[in-house]
Amino acid sequence: MEFTNNLFYFLSFVAVLSALMVVFSKNPVHSVLYLIITFFAIAGHYILLNAQFLAAVHVIVYAGAIMVLFLYVIMLLNLNQETEPHKSTLIKLAAAISAGLLLVVFVGSIRGSEQMMVQPQQVEVGSVKDMGRVLFKEFLLPFEISSVLLLVAMIGAVMLGKNEEEGKNAS
Amino acid sequence: MTLLLFKVLLILAVFAISLFMAAYSTYAERKVAAFMQDRLGPDRAGPFGLLQPLADGLKLFMKEEITPEVSNKFLFVLGPSLFMITALMTGVVIPWGNLLNIDGINYSLQITDINIGILYVFGVVSIGVYGIMIGGWASNNKFSLLGAIRASAQMISYEVAMGLSIIALVMMTGTLSLKEICEYQAGGVGGNWNFWNVVYQPLSFLIFMICAFAECNRAPFDLPECETELVGGYHTEFSSMKLGLYLFAEYINMFISSATMATLFFGGYNFPFMHDLGLSQNAITIIGTGVLFGKIIFFIFFFMWIRWTIPRFRYDQLMNLGWKGLLPLAIGNLLITGLFILLNNRG
């Protein structure tokens with residue numbers, strides 16, 4: 001138990017530190033790399049909660065696919081300090097306020113969940129079988145709706161890409 | 001012998017065997033190429049040129065190490081290291097053999113059997129892309145960057161079709177653990193009829209194999225290091241053992257993907273008549289491991305055979321094949337498998 005606790009603190013430390021480094025590092029490529037470290041620390045937390053399936057999917061989808069695309073775009077754009085557009089104080093203020101409101105919402109939603117603590121060693125919340133059962137029995141409708149949402153986003157992306165090409169051909 | 005000691009020995013053995021197989025794959029590749037082109041191949045170092053991999057390794061260590069002036073030093077070293085680490089990490093979940101009985105205790109010849117084994121392999125492989133991307137970017141060379149971007153786009157595209165082809169297999173066997181998938185195929189021809197997965201899922205195997213070629217950046221999909229267009233691709237700026245790590249890791253990836261293919265589709269350590277010859281458990285395990293390595297060596301040979309037979313694709317052809325050919329095929333295979341399972345359960 002002692003070991004698990006220490007591991008939890010270590011992973012949390014890594015996650016928070018690298019999340020801070022995402023914001024503070026000057027080079028956008030370094031930011032993305034720090035974000036990947038953050039994702040790995042969070043995957044470690046999933047494993048501590050006995051949810052190996054979630055951890056694997058988290059690494060495959062977020063660290064393995066989405067962040068590669070991020071890195072891809074940033075490398076192609078070759079962003080550096082000179083090309084970064086100057087942001088006005090108003091935009092900075094608006095960003096700070098909206099991010100602060102998001103923080104309040106997060107804290108509010110997490111509050112009260114202390115009573116719902118689960119003992120990860122006793123229940124297999126994150127195994128493939130339990131995940132499947134919960135998703136396809138209790139949460140079938142939200143699950144299907146979110147898959148439709150992803151499909152809509154995908155079709156939207158295809159449409160955006162297509163329109164541009166047709167416009168070029170027309171002109 | 002305690003379990004911990006056995007596991008440590010097993011990890012060291014898998015590590016050593018991976019490196020050995022990778023080293024001798026380079027030798028085999030040159031010999032196979034020579035055979036296909038009616039040449040002799042390396043034959044100077046040792047009998048039949050068997051010491052050639054050692055000579056190559058020594059040469060790579062002795063070469064001058066060049067770090068480009070403008071590149072990011074840390075990331076420049078991190079790139080090849082990460083690629084090598086991830087290549088070596090995948091061997092952990094592959095069942096190299098069945099249970100070995102020593103002094104009445106059963107030891108499994110698999111380092112760890114996690115219940116999401118195949119997903120672990122996918123996760124590690126998807127991290128491997130970073131090794132190429134970071135190395136290519138940190139080189140600060142446009143050819144390296146183009147190679148790195150090609151590699152990442154290719155690997156992500158083919159991972160999708162690869163994952164979908166595996167889902168059909170997982171639906172059939174009902175598990176994600178490589179050990180259980182392997183045991184599902186036990187027996188074979190003989191007393192109880194039980195075929196390897198490739199008999200039930202030939203299309204899935206074909207898609208998986210083509211994607212494995214693309215994931216390993218092997219010809220005909222070796223566009224990330226296409227000499228005619230990109231000098232050397234993502235490792236243009238790398239020299240000495242850093243280049244060696246990239247090249248070496250590619251061969252380890254080839255070894256591991258051969259092992260994965262053998263385990264998933266060709267019965268792993270199972271062989272026909274395994275329960276009918278009246279052999280003891282240890283004998284079956286040892287023969288089984290030998291059989292698994294035979295299958296792996298066949299697949300490595302197959303990789304080389306393809307490399308020296310089929311010319312390189314063009315990049316748009318590669319993307320068309322991945323997204324318009326293999327992906328719909330994998331989804332179709334998934335639907336048909338689902339239909340069969342549904343009908344079988346009804347009947």
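These exercises, each with a worked solution, explore a predicted model.

**Exercise 1. Find the largest cavity and describe its lining.**

Step 1. Start with the count. There are 2 cavities of 30 Å³ or more.

Step 2. Take the volume. The largest cavity holds about 290 Å³ of space.

Step 3. Locate the centre. The lining has 21 residues, and those closest to the centre are Val121(B), Val125(B), Glu215(B), Asn253(B) and Ser257(B).

Step 4. Trace the helices. In chain B, helix 3 (73–89), helix 4 (117–138), helix 5 (142–173), helix 8 (202–215) and helix 10 (240–265) each supply at least two lining residues. Helix 4 of chain B gives the most, with 7 residues.

Step 5. Sort by class. The lining has 14 nonpolar, 6 polar and 1 charged residues.

**Exercise 2. List the residues that line the second largest cavity, and sort them by class.**

Step 1. The volume of this cavity is about 30 Å³.

Step 2. Its lining consists of Phe83(B), Met155(B), Glu215(B), Cys216(B), Asn217(B), Glu250(B) and Asn253(B).

Step 3. By class, 3 are nonpolar, 2 polar and 2 charged.

Step 4. Look back at the largest cavity. Glu215(B) and Asn253(B) are among the residues closest to its centre, and both also line the second largest cavity.

**Exercise 3. Describe the largest pocket and name the elements that line it.**

Step 1. The volume of the largest pocket is about 2500 Å³.

Step 2. Of its 49 lining residues, the closest to the centre are Val57(A), Val61(A), Gly163(B), Leu164(B) and Ile167(B).

Step 3. Assign the elements. Chain A gives two or more residues from each of helix 3 (52–77), helix 5 (128–138) and helix 6 (140–170). Chain B does so from helix 4, helix 5 and helix 12 (315–346).

Step 4. Class the lining: 35 nonpolar, 10 polar and 4 charged residues.

**Exercise 4. Classify the ring pair of Phe20(B) and Tyr24(B).**

Step 1. The whole structure has 21 aromatic pairs over all chains.

Step 2. In this pair, the ring centres lie 5.1 Å apart and the planes make an angle of 35°. Stacked needs under 30 degrees and edge-to-face over 60, so the pair counts as tilted.

Step 3. Check the sequence. Both residues sit in helix 1 (residues 3–36) of chain B, 4 residues apart, so about one helical turn separates them.

Step 4. Check exposure. Tyr24(B) is partly exposed, at 24% relative accessible area.

Step 5. Look for a ring cluster elsewhere. Ring pairs link Phe205(B), Phe208(B), Phe265(B), Phe266(B), Phe298(B), Phe299(B), Phe301(B), Phe302(B) and Trp305(B).

**Exercise 5. Decide whether Ser144(B) is buried or exposed, and list its contacts.**

Step 1. Ser144(B) belongs to helix 5 of chain B.

Step 2. Its relative accessible area is 0%, so Ser144(B) is buried.

Step 3. Leaving out residues up to four places away in sequence, Ser144(B) touches Gly136(B), Ser139(B), Gly233(B), Tyr234(B), Thr236(B) and Glu237(B).

**Exercise 6. Examine the backbone at Asp38(B) and in the hairpin of chain B.**

Step 1. Most residues other than glycine have a negative phi.

Step 2. Asp38(B) has a positive phi, near 60°. Asp38(B) lies in the loop between helix 1 and helix 2 (52–62) of chain B. With 72% relative accessibility, Asp38(B) is exposed.

Step 3. Turn to the strands. Strand 1 (residues 99–102) and strand 2 (residues 105–108) of chain B pair antiparallel over 4 bridges. Leu99(B) faces Ser108(B).

Step 4. The two strands form a hairpin with 2 residues between them. In the turn, Asp103(B) has a positive phi of about 55°.

Technical notes:
Residues numbered from 1 in each chain as written. Chains lettered and ligands numbered in written order. Predicted model: local features only at pLDDT ≥ 70, side-chain atom pairs only at ≥ 80, totals over all residues. Heavy atoms only, no water. 1 Å grid on protein atoms, 1.4 Å probe; cavity = no way out; pocket = protein on both sides within 12 Å on 5 of 7 lines; lining within 4 Å. Points joined across faces, edges and corners; volume = space filled by probe spheres on them. Nonpolar A, V, L, I, M, F, W, Y, C, P; charged D, E, K, R; others polar. Phe/Tyr/Trp six-rings, centres within 6.5 Å; stacked < 30°, edge-to-face > 60°. Buried < 20%, exposed > 50% of the residue type's maximum accessible area, 1.4 Å probe, protein only. Contact = heavy atoms within 4.5 Å. Pairing = 2+ DSSP bridges.
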